[in-house]
Amino acid sequence: MLLNGEIDAKTANAILYGCNVTLGAIRIDEQQTKLDELEKIVEELKTAQ
C-alpha cells in the first residue's frame, strides 16, 4: 500500500509498529503458557518422589 501511494509512510510505520507489539505480546503469552506447564511437571515430579 505504501509503494502504491495508498497510505503515507507515517501511517505504514504506525501499522507496522502495532503489528510488532501484538506479535510480541503473543510470543510472551505462549512462553508463559509453556513455563506454567513446565512448572506443573516439576511439581508433579517432586510429589511423586
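Student: In this predicted model, which side chain meets that of Lys 46 in a salt bridge?

Tutor: A salt bridge requires a side-chain nitrogen of Lys or Arg within 4 Å of a carboxyl oxygen of Asp or Glu. The N to O separation for the pair in question is 3.8 Å, and the structure holds one salt bridge. The partner of Lys 46 in that salt bridge is Glu 43.

Student: Where do Lys 46 and Glu 43 lie?

Tutor: The two residues are three residues apart, about one turn of the helix. Both belong to the element that covers residues 9–48, namely helix 1.

Student: Is Lys 46 buried or exposed?

Tutor: A residue counts as exposed when its relative accessible area is over 50%. Its salt-bridge partner, Glu 43, has a relative accessible area of 44% and is therefore partly exposed. Lys 46 has a relative accessibility of 54%, so this residue counts as exposed.

Student: How many Å apart are the end C-alpha atoms of helix 1?

Tutor: The expected span is 1.5 Å times one less than the number of residues. For the 40 residues of helix 1, this gives 58 Å. The distance in the model agrees with that expectation, the end C-alpha atoms being apart by 59 Å.

Student: Which residue caps the N-terminal end of helix 1?

Tutor: The capping residue lies in the segment before helix 1. With a relative accessible area of 43%, the capping residue is partly exposed. Its side chain reaches the backbone nitrogen of Lys 10 at 3.2 Å, and the atom placed at that distance is a side-chain oxygen. The cap is Asp 8.

Student: What accessible area do Leu 38, Ile 41 and Leu 45 have together?

Tutor: One of these residues, Leu 38, lies in helix 1 and is exposed, with a relative accessible area of 51%. Leu 38, Ile 41 and Leu 45 form a nonpolar patch on the surface. Together, their accessible area is about 290 Å².

Student: What percentage of the residues of the protein chain count as buried?

Tutor: The protein chain contains one helix and zero strands, and its C-alpha atoms fill a box of roughly 65 × 15 × 5 Å along the principal axes. The chain exposes about 4,600 Å², of which carbon and sulfur atoms supply 60%. A residue counts as buried when its relative accessible area is under 20%. Of the 49 residues, the share that counts as buried is 2%.

Note on methods: Residues are numbered from 1 along each chain as its sequence is written. This is a predicted model: local features need pLDDT of at least 70, side-chain atom pairs count only at pLDDT 80 or more; totals for chains, interfaces and linings use all residues. Side-chain values use heavy atoms; hydrogens and water are left out. Helices (H or I, at least four residues) and strands (E, at least two) are DSSP runs, numbered from the N terminus. Buried means under 20% relative accessible area, exposed over 50%, partly exposed in between (1.4 Å probe, protein chains only). A polar contact is a pair of N or O atoms within 3.5 Å; within protein, one must be able to donate a hydrogen and the other to accept it, and residues adjacent in sequence count only if both atoms are side-chain atoms. Patches are made of residues with over 30% relative accessible area and no salt bridge: like charges are joined within 9 Å, nonpolar side chains (Val, Leu, Ile, Met, Phe, Trp, Tyr) within 5 Å. Accessible areas come from the Shrake-Rupley method with a 1.4 Å probe; for residues, only the protein chains shown count as cover.
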